[in-house]
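User: Please take one part of this model and go through it closely, from the pairing of side chains to the packing around it. After that, please carry the same kind of reading to a few other places in the chain.

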Amino acid sequence: MKSLAGRYAPPGKRRLRFAARTRRLVQTRQPSEAGPSLFPWQPGNASDVTSCAPAVRQITPRRDRPEERRPWWDFDTMRPTRRLLLVGEGNFSFSASLCDASNRETHITATCYESEERVSRQTLAKTNIQLLRRKGVEVRFCVDCTKLKDSFLPAKRNFDCIYFNFPHCGRKAGVTKNRELLTKFFCSCADVLAEKGEVHVALCKGQGGTPADQPMREWHNSWQVVAMAAGAGFILSDVHPFNLEDVHGYKCTGYRSQDKSFSVEGALNHIFTRGLPFPHPRPVICQTELEGKRVSIQVPEIFVDKINRCFLDTNSDHPVRTINEKLIAQLSQTFPLQRVDHSLSLLHQGGLSAVSQSNAFWIIPNTKENPNSDPIGKGTARGVLFCGVHFCRDIDQDDRMKAQEGDQLSEHYLRSSLLVHVQDVIRRLSFLPGTLHVLSGPVFRKCLISPRTLPVFHETLFMCAVDKGTEGSCIQMLMDNIKNTISSLLPSLSCFTLNSTVEEAKSSETIELNDSVRPDPQLDKTQYIICVKTDTSDSKASGSCIGAIAAAPCGPINSELGIVCASVNLDLVAMQICGISDWRMLWTVDERFLNQFIGGELGPFKSFSLYPPSYVHDVSFWVPECEQFDEVAFHTIARCVSQETVVSIQLLDSFQHPQTGQISLCYRLTFQSCDKALTRQQVAEMQMQFRKEIQQCLHITLR
């Protein structure tokens, strides 16, 4: 219950009315019959910020899964001694109900904005206060929920849970003031909440502005609770109905700051947790062994937080490793199997015929920083073991200049596929017909931005030498084993096809080809694309291309043998099996991701960041004359500057000046984080930096 003084009195069923001037050019696309859309459509202007709205993600709201909903007093989910803080209490009936349901190890602090003298004028409030004090509950008055730090000494902070039921500024306050209240409240909570604590905010039907509200209000007419919480670093981790029958004795009063009840039908309880802060990556130099020498390379900024993560290590519980091990175990039942444990070079030297220059991260290694580098010992598959890359230190501008001076090796690129190692492994290993050799590791490439297009992913490569003319049977056996493994992990698998060419995969209406699984051009033209599709309510839902199989001659080593290579994109398989809609989640450092896969268990992934807000910016520019615009570079700069928060880039308009012939392009960028709290201010700064970078790197002229 809220106080009658008005500041936090909740609204009733009244509709919030706004003048036409408050209406912004924002819409949130409602879930279609085919399922919810990933990104809301939001119009905007061509040069600056437009607005933000909740992204409708393919997540079943917790309110639709009652068997998973836990009551507010499920105190066993955290540490034994729990400290709860209730703010904005009026008649203290919620505090009394919570006190009855809690155990002896729970310490409750119930607070009210008004003075004890004023609150005690209400008979119900006076009775509840006396009851709470008899039970040892700490009851405090004149506590401002927007300044909690001032009300509690440092030793008295670190609350495990903070509750604020039906906050409201009182009387006829509009949504703008109530948003300000929420913003200040969340910022205040950040000062007194434990690191893994929760903030519970109950709101009336439609107020929250998330797709969990049915029906959902227009964005500008809601309290935008997720965006308000993001300013303090909080993400929405759960939402479920606020059921009065679960809170015995709770009396909801305070309608328009009066001692009147209000309707809580359709009300929702929103549970927020801390999101991880955005890192501030600095340039990093790593040392590797290449072509018999120890060299230093500067890691591209986009991969600083992704390099050396060791997802495939033996002590890893990451789903990518679990799937890889199951694939290898299944194939070992059919083929004699040998893992290629020799180190594989992170860099590869090759002509443009093997890889597109615009899709590769080109690196110039430097040896001057290691004058005493000695040739490494003789052996097979020489190079650097990726998980053993040694990071020296962060570097500054002077270090970067030194790295560009002196003796330099020829230009290399970060490997875009393990297929680049095929010929090298054939030369260095003794290939016995029928033996399956397995290589696994991460690969890197520039690509356009989309939720299922991966600039870095883990690839497993199966290589088998066979007698010429028997490649077809080997391909079929590999295909059957891969299918059996994925089918055992994904019961809803409805379609598993082997398309003979890239063009055939593209022509299939149910298949969405991902460029990241294209076979290397150096292999033979006999190539097959592995595609999967799962059972969904939508018959038009697209599938995923999770790998490729190709046959190639063994070369001068043995003219009587051929090589069959099967490449599997482990990250795409993990997304398909675990129901992960965004590849970035696989790389999150938030422990709440890996905690769902402890012990190598694979199951449906449950997002810990629901309905994150999205922000839209447009940018218009003239492209350089007589130059072809590099769209892949444009997307790559957006990835880097935004720290992977740009999730969609859409070409809105292309214009050619009738007199000069110069071309102008207008793109729309949608920003959204899948695991962190992203604010409008952060996005505005990223957009400004992005404009500077594309102007400098792509030589465009901003409009």
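Analyst: A good place to begin is the salt bridge in which the side chains of Lys135 and Asp100 meet, at 2.3 Å from N to O; the term stands for a side-chain nitrogen of Lys or Arg within 4 Å of a carboxyl oxygen of Asp or Glu. This is a predicted model, in which local features need pLDDT of at least 70 and side-chain atom pairs count only at pLDDT 80 or more, while totals for chains, interfaces and linings use all residues. Residues are numbered from 1 along each chain as its sequence is written, and side-chain values use heavy atoms, with hydrogens and water left out.

The two partners come from distant parts of the chain, 35 residues apart, with Asp100 in helix H1 and Lys135 in the loop between H3 and strand S4 (138–140). Helices here are DSSP runs of H or I with at least four residues, strands are runs of E with at least two, and both are numbered from the N terminus. Asp100 is exposed, at a relative accessible area of 51%, whereas Lys135 is partly exposed at 45%; buried means under 20% relative accessible area, exposed over 50%, and partly exposed in between, with a 1.4 Å probe and protein chains only.

The helix that holds Asp100 has a different setting overall, because 7 of the 9 residues of H1 are buried and the helix is therefore largely enclosed by the rest of the structure. Those buried residues are Ser93, Phe94, Ser95, Ala96, Ser97, Leu98 and Cys99. Their cover includes strand S2 (82–87), strand S3 (106–111), H3 and strand S5 (159–165), contact being defined as heavy atoms within 4.5 Å.

Of these elements, H3 deserves a closer look. Two packed helices are described by the angle between their axes and the distance between the axes. For H1 (residues 93–101) and H3 (residues 123–134) the angle is about 30 degrees and the axes are 9 Å apart; axes are lines fitted to C-alpha atoms, for helices over the stretch in contact, and angles run from 0 to 180 degrees between N-to-C directions. The crossing is left-handed, a label used when the near helix is turned anticlockwise from the far one by less than a right angle. H1 contributes Ser93, Ser95, Ala96 and Cys99 to the contact, and H3 contributes Asn128, Leu131 and Leu132. By class, the contact of H1 with H3 has 4 nonpolar, 3 polar and no charged residues, where Ala, Val, Leu, Ile, Met, Phe, Trp, Tyr, Cys and Pro count as nonpolar, Asp, Glu, Lys and Arg as charged, and the others, Gly among them, as polar.

The pair described at the outset belongs to a wider set, since a search of the whole structure finds 12 salt bridges. Another of them joins Asp582 and Arg584, with the closest N and O atoms 2.7 Å apart; here Asp582 is buried at 7% relative accessibility, and Arg584 is buried at 9%. A third pairs Arg639 with Glu644 at 3.3 Å between the closest N and O atoms, and again Arg639 is buried, with a relative accessible area of 2%, as is Glu644 at 9%. Arg639 and Glu644 are linked with Asp305 and Lys306 in a network of salt bridges.

Arg639 leads on to helix H14 (residues 631–641), which is largely enclosed by the rest of the structure because 9 of its 11 residues are buried. Arg639 is one of these buried residues, which also include Phe634, His635 and Ile637. Strand S23 (613–622), strand S24 (646–656), strand S25 (663–671) and helix H15 (680–697) are among the elements that cover them. Just after H14, Gln643 takes a positive phi of about 55 degrees.

As for the chain that holds these parts, its secondary structure comes to 15 helices and 26 strands, and 56% of its 703 residues count as buried.
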